[in-house]
Structures are given as C-alpha cells and as structure tokens.
Amino acid sequence: MTTAATRPSDRRVSPVFLGILAVSAVTGWATWTGFAAEPGLAVFLFVTSAWVVSLCVHEYAHARTALHGGDISVGAKGYLTLNPMKYTHALLSVVLPVVFVIMGGIGLPGGAVFIERGRIRGRWKHSLISAAGPLTNVLFAVVCTAPFWLGAVDGVPPAFRFALAFLALLQVTAAILNFLPVPGLDGYGVIEPWLPYGVRRQVEPFAPFGLLFVFALLWVPSVNGVFFDAVDGLLGCLGIDELDTYCGFDLFRFWRGPDEFCGV
C-alpha cells in the first residue's frame, strides 16, 4: 500500500505547470496589447494554455480533497504538484480535451488522477471528491465572465474580450458536462456512493465509455443545438453575447483565416 508523502517535492508546484501558466500570461498580454503580429495565434496560445491550467487545477482539486478525505497516496503520485505529466492518462487528461476544443469548441473533461477510494470513509467524502473538480470549472467560469456581468469590458481590446468569452464558454461547458450523471464523469461520481450496490456493479463496466458516449452524443445535430442553446442562454445571462464567443472561437482557429465580420 502506498504510504503518505513526506518529501516537500511531492507538494511543490511543478515547473511544467509554471511554464504553462507563464505561456498563458505572456500570450494573454500579447492578445491585450496587440503585440502579436497575428492575433489569432496569440488567442490560440492564450486560450489553450489557460484551458490546460484549468484542467490541472481541476485535477488538483480532486487530489487535494481526496488527501483530506483519507487518501494519503496522492502526494507520492505527484498529483499535488499540478504537473499534468503525473496524471494517470496524459493523453486523456490534456491532449484529448484540447483536441475537443479545436474540433468543436467544447470543454469536454478528461480522466486523470487515480484516487484510492478504499482509503476514503464516508459517502459524503466520496461525493465531495468527485464534485471538487467541476466546482473549479464553475469558479473559472465566474472569473472569466466577471468583467462581462460587472460591465467592465468597455475599453477592453476586442481580441482579448473575444478570447475571454470563448474561454468562459469552455469553462461553462466543462462544468455542465462534468456534472452529468454519466458513468465515468464526475457527476456520476457524486451520486454513486448513494446508489445501491447492485446498481453500481451493473453500471461499472460502462464507466470507461461514458466520456466517449457524451462526445458522440454531442455530434448529433439536434442534441448539439439544444446543448449550445442552453450554454448561450446561460452566458447571455452573464452578459456574454453570442457574437463574443463566436468571434473568440473564430480567432482561436487562426489557421482558417480571419472572419471580417468580427473586425479584428
């Protein structure tokens, strides 16, 4: 059985994470100031790096909550360093979510940290561990949308406003999708401890395919339309216009060429 982490390095913030954070800060500055010769490339790097930062914080929240819940193995596994290279499946955790963003502008979650659930006692603790991750997406969404619902976007450079709106859309979609009660997603992890043992055993084989099922379902035009109508409605209540998110996604996909409609 894995023992508790005692080395300071097990909890020290990883240089990899700091590097990603630095890329986000520099490209955010380049987007704001117009320093970049190609605003689309700056927006792409800013949104992508900021999205990866939120993925790291999402998984850190799971691990940190598990540590306080009784799983003392998370430190030795490197989960408390915010290093995405320490995750169980780096491909599922970072690469695929970024690919999903590029393909469809969807903040789809990815599986990452392995929690030794046998160490956790109490159903509420299990539920909180699962909820901790998507709650960070909610927090990121609040931060990204704050300038809009506070009416503080006047004078903000259009490219940065569009990028922030698109990043807000990713966080909102991630929060919604993560909280779906689908096996393999955090929403199911929240309710799983409260389900009868027989139901959990029957559902368990489908957990590895839950994420793929959701992604496939979103490719159905009618489902996709209903989902994004709900997302746009929520963002609209927070002061973000559909034009902002559209232009943010358009700038993000800089290789397609700029849309003159967005005027950047």
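Start by selecting helix α2, residues 39-69, in this predicted model. At 1.5 Å a residue, its 31 residues should span 45 Å. The C-alpha atoms at its two ends are 44 Å apart, which agrees with that figure.

Keep α2 selected and show the rest of the structure around it. Is α2 largely enclosed or largely open? Of its 31 residues, 23 are buried, so the rest of the structure largely encloses α2. Then step just past the end of the helix to Gly70, where phi is positive, at about 130 degrees.

Next, add α1, residues 15-33. α1 and α2 pack at an angle of about 145 degrees, and their axes are 8 Å apart. Their crossing is left-handed. To see where they meet, select residues on both sides. On α1, the contact includes Phe17, Ile20, Leu21 and Ser24. On α2, Ala42, Phe46, Ser49 and Val53 are among the residues met. Sorted by class, this contact has 14 nonpolar residues, 5 polar ones and no charged ones.

While a helix is on screen, one general point is useful. An α-helix has 3.6 residues a turn, so residues three or four places apart point the same way.

Now turn to the largest nonpolar core, which has 66 residues. Which of them touch the most other members? Select Val47, Val74, Leu108, Phe166, Leu170 and Phe252. Helices that each supply at least two residues of this core include α1, α2, α3 (90-104), α4 (123-149) and α5 (158-178). The largest share, 14 residues, comes from α5.

Zoom in on Leu108 from that group. Leaving aside residues up to four places away in sequence, Leu108 touches Trp51, Pro97, Phe100, Leu177, Leu211, Val214, Phe215 and Leu218.

Move to the loop between α2 and α3 and pick out Leu82. Phi of Leu82 is near 65 degrees, a positive value in a residue other than glycine. Is Leu82 buried or exposed? With a relative accessible area of 11%, Leu82 is buried, because buried means under 20%.

Finish on helix α4 with Val138. At 34% relative accessibility, Val138 counts as partly exposed. Which residues does Val138 touch, not counting those up to four places away in sequence? The answer is Ala175 and Phe179. For a last distance, select Ala42 together with Val138: the two are 96 residues apart in sequence and 25 Å apart in space, C-alpha to C-alpha.

Methods: Residues are numbered from 1 along each chain as its sequence is written. This is a predicted model: local features need pLDDT of at least 70, side-chain atom pairs count only at pLDDT 80 or more; totals for chains, interfaces and linings use all residues. Side-chain values use heavy atoms; hydrogens and water are left out. Helices (H or I, at least four residues) and strands (E, at least two) are DSSP runs, numbered from the N terminus. The expected span of a helix is 1.5 Å times one less than its number of residues. Buried means under 20% relative accessible area, exposed over 50%, partly exposed in between (1.4 Å probe, protein chains only). A nonpolar core is a set of buried Ala, Val, Leu, Ile, Met, Phe, Trp, Tyr and Cys residues joined through side-chain atoms within 4.5 Å. Contact means heavy atoms within 4.5 Å. Axes are lines fitted to C-alpha atoms, for helices over the stretch in contact, and angles run from 0 to 180 degrees between N-to-C directions. A crossing is left-handed if the near helix is turned anticlockwise from the far one by less than a right angle, and right-handed if clockwise. Ala, Val, Leu, Ile, Met, Phe, Trp, Tyr, Cys and Pro count as nonpolar, Asp, Glu, Lys and Arg as charged, and the others, Gly among them, as polar.
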